[in-house]
Amino acid sequence: ELSIGTAFSGLGCPEFVLKKMGIAHSSEYVIENNKFAQQTLIQNYNPKKVLSDITQVDTSKLPSTDVYVFGSPCGNFSMAGTASINGRTGLNGPTGSLFWDVYRVIKDTLPKFFIFENTSGIVSSNGGRDKEEIHNAFENLKNYKIYSKVINPLDINGATNRCRFFT
């Protein structure tokens with residue numbers, strides 16, 4: 001059985017996909033601050049731990065998982081919405097900086113694999129320096145081979161034209 005942990009878990013897309021694919025898995029923990037999303041996650045996937053504030057997570061109390069899936073909030077990296085009006089602050093912004101909290105979970109729990117998802121705007125945020133800083137942080141972990149790709153769902157028979165960045 002595959003063990004999974006997620007942060008900024010939303011409604012549980014990773015768990016949903018594993019279930020749809022028929023892959024036996026256990027939800028070890030979810031980190032999600034929206035109480036309604038938490039209720040959905042509990043109802044649908046019965047995680048062993050439900051945590052709210054990524055900045056307050058005690059990683060010594062988290063198990064190492066087979067897979068850790070996360071996507072920190074994208075507003076400070078995005079080329080759309082208020083970020084495009086107010087300037088993209090990237091990793092220096094109030095939500096962009098939350099990346100370092102999800103990174104801390106990887107560094108401290110060393111999952112076998114991890115998947116990071118965010119807006120494709122992360123590639124050009126702060127002149128590309130944010131993507132480079134994130135890549136270097138992952139490389140510094142030394143336990144992982146790092147691959148990054150921007151994927152447009154339309155290219156894989158998806159229904160939306162919304163490019164996403166994956167590592």
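The legends below describe an overall view and several close-up views of one predicted model.

Residues are numbered from 1 along each chain as its sequence is written. Because the model is predicted, local features need pLDDT of at least 70 and side-chain atom pairs count only at pLDDT 80 or more, whereas totals for chains, interfaces and linings use all residues, and side-chain values use heavy atoms, with hydrogens and water left out.

**Figure 1. The whole chain, with its five helices and seven strands.** Read along the sequence, the elements follow the pattern β-α-β-α-β-β-α-α-β-α-β-β, where helices (H or I, at least four residues) and strands (E, at least two) are DSSP runs, numbered from the N terminus. The C-alpha atoms fill a box of roughly 40 × 35 × 30 Å, taken along the principal axes. The radius of gyration of the chain is 16 Å, which agrees with the value near 15 Å that a compact globule of 167 residues would have; this radius is taken over C-alpha atoms, and the globule rule is 2.2 Å times the number of residues to the power 0.38. Of the 167 residues, 43% are buried, a term that stands for under 20% relative accessible area, while exposed stands for over 50% and partly exposed for values in between (1.4 Å probe, protein chains only). Among contacts (heavy atoms within 4.5 Å) with a separation of 6 or more, 61% are between residues 24 or more positions apart.

**Figure 2. Aromatic rings around Phe138.** A search of the whole structure finds 14 aromatic pairs. Rings of Phe, Tyr and Trp (its six-membered ring) pair if their centres lie within 6.5 Å, and planes under 30 degrees apart count as stacked, over 60 as edge-to-face and the rest as tilted. Phe99 and Phe138 form an edge-to-face pair, with 5.6 Å centre to centre and 70° between the planes. This pair links distant parts of the chain, since Phe99 belongs to helix α4 and Phe138 to helix α5, 39 residues apart. Phe99 counts as buried at 0% relative accessibility, and Phe138 is likewise buried, with a relative accessible area of 0%. Phe138 also pairs with Phe114 in a tilted arrangement, 4.6 Å centre to centre and 45° between the planes. Phe114 lies in strand β5 and Phe138 in helix α5, so this pair ties together parts that are 24 residues apart in sequence. Phe114 is buried too, with a relative accessible area of 11%. Ring pairs link these residues into a cluster whose members include Tyr29, Tyr68, Trp100, Tyr144 and Phe165.

**Figure 3. A salt bridge between strands β5 and β7.** The side chains of Glu117 and Arg164 meet in a salt bridge at 2.5 Å, N to O, the term being used for a side-chain nitrogen of Lys or Arg within 4 Å of a carboxyl oxygen of Asp or Glu. Glu117 in strand β5 and Arg164 in strand β7 (residues 164-166) are 47 residues apart, and the pair thus links distant parts of the chain. Glu117 counts as partly exposed at 23% relative accessibility, whereas Arg164 is buried, with a relative accessible area of 13%.

**Figure 4. Salt bridges of Asp101 and Asp108.** This view shows two of the six salt bridges found in a search of the whole structure. Arg104 and Asp101 meet through their side chains at 3.6 Å, N to O, and, being three residues apart in helix α4, they are separated by about one helical turn. Asp101 counts as buried at 15% relative accessibility. The side chains of Asp108 and Lys107 form another salt bridge, at 3.5 Å, N to O. Asp108 is partly exposed at 40% relative accessibility, and Lys107 is partly exposed with a relative accessible area of 44%.

**Figure 5. Two loop residues with positive phi, Leu110 and Asn126.** Most residues other than glycine have a negative phi. Leu110, however, has a phi near 45° and is found in the loop between α4 (99-109) and β5 (113-119), where it is partly exposed, with a relative accessible area of 40%. Asn126 has a phi near 55° and is found in the loop between β5 and α5 (129-140); with a relative accessible area of 23%, Asn126 is partly exposed.
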